[in-house]
Amino acid sequence: MDRQHDVAAVVLAAGESRRFGSRKQLAELDGRTLLEHVLELARSAGLDPVVAVVPVWLTRPRTMNDPALGWIRNPNPERGMSHSLRLGFAALPDDVGAAVILLGDQPTISADTVRALIAARGERPLVAARAAGRLAAPVLVERSHFSVVEEPAGDIGLRELLNAHPEWVLAVEIAQHVPDVDTPADLEALRDG
């Protein structure tokens, strides 16, 4: 498989939405759900396959009838983002060379940011976006380091691991990190912006 075309997406969207107060995966922005925005971004950035880790109650959007979309149900969202990471990476096919971790509550992330991570592949096993000195999603993980998703616990994702092992991480500078939609006010800010 061509190295530029062996990068998958793992979209983490199984959170309990406690701060949001309702099922934020279904909250709409510009006529589409937050999750649909992120899934569309993954496709437009050329990531294939796309694995979405979702709550058990969430059905696949009709607009996402693509066979390259894996729909993985997380029966234990209370176990946090780390559990979703493990489920998503376990579902990746063997021929995937790397995976980009995307968050289902970041609907405004750009395909250019994802493409910049992919273009930076090769020097180190993890490539992460960095703004104002802080590493955050999206993060690209090479197959050689897929086992790193086994380390985190709870709802922290790879943040602590990225900071603990700078020798593994190539940082791609971006102007600013994309905001998460954690509360209804965050969503309103995106709608107004």
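The chain exposes about 9,300 Å², and carbon and sulfur atoms supply 48% of that area. The model is predicted. Of the 193 residues in the chain, 52% are buried.

**Overall dimensions and fold**

A compact globule of 193 residues would have a radius of gyration near 16 Å, and the chain has 15 Å, so the two values agree. Along the principal axes, the C-alpha atoms fill a box of roughly 40 × 35 × 30 Å. Among contacts in the chain with a separation of 6 or more, 66% are between residues 24 or more positions apart.

The secondary structure consists of five helices and nine strands. Read from the N terminus, the order of elements is β-β-β-α-β-β-α-β-α-β-β-α-β-α. The chain thus opens with three strands in a row before a helix, and a helix ends the series.

**Charge**

The side chains include 20 positive and 27 negative ones. The centres of these two sets lie 3 Å apart.

**Backbone features**

Two peptide bonds that precede proline are described here as cis. One joins Asp 48 and Pro 49, with omega about 0°. Pro 49 sits in the loop between α1 (34–44) and β4 (50–55). The other joins Ala 137 and Pro 138, with omega about 5°. Pro 138 belongs to strand β8, which covers residues 134–142. One of these prolines is therefore in a loop and the other in a strand, as the element boundaries of DSSP runs place them.

Positive phi values occur at Ser 17 and at Asp 30, neither of which is glycine. The table sets out the two residues.

| Residue | Phi | Loop | Relative accessibility |
|---|---|---|---|
| Ser 17 | near 60° | between β1 (7–12) and β2 (28–29) | 10% |
| Asp 30 | near 55° | between β2 and β3 (32–33) | 69% |

Are these two residues buried or exposed? Buried means under 20% relative accessible area, so Ser 17, at 10%, counts as buried. Exposed means over 50%, so Asp 30, at 69%, counts as exposed. Strand β2 borders both loops: the loop of Ser 17 runs between β1 and β2, and the loop of Asp 30 runs between β2 and β3.

Note on methods
Residues numbered from 1 in each chain as written. Predicted model: local features only at pLDDT ≥ 70, side-chain atom pairs only at ≥ 80, totals over all residues. Heavy atoms only, no water. Helix = DSSP H or I, 4+ residues; strand = E, 2+ residues; numbered from the N terminus. Rg over C-alpha atoms; globule rule 2.2 N^0.38 Å. Buried < 20%, exposed > 50% of the residue type's maximum accessible area, 1.4 Å probe, protein only. Contact = heavy atoms within 4.5 Å. Areas by Shrake-Rupley, 256 points an atom, 1.4 Å probe, with all protein chains shown as cover. Lys, Arg positive; Asp, Glu negative; His and termini not counted. Charge placed at Lys NZ, Arg CZ, Asp CG, Glu CD.
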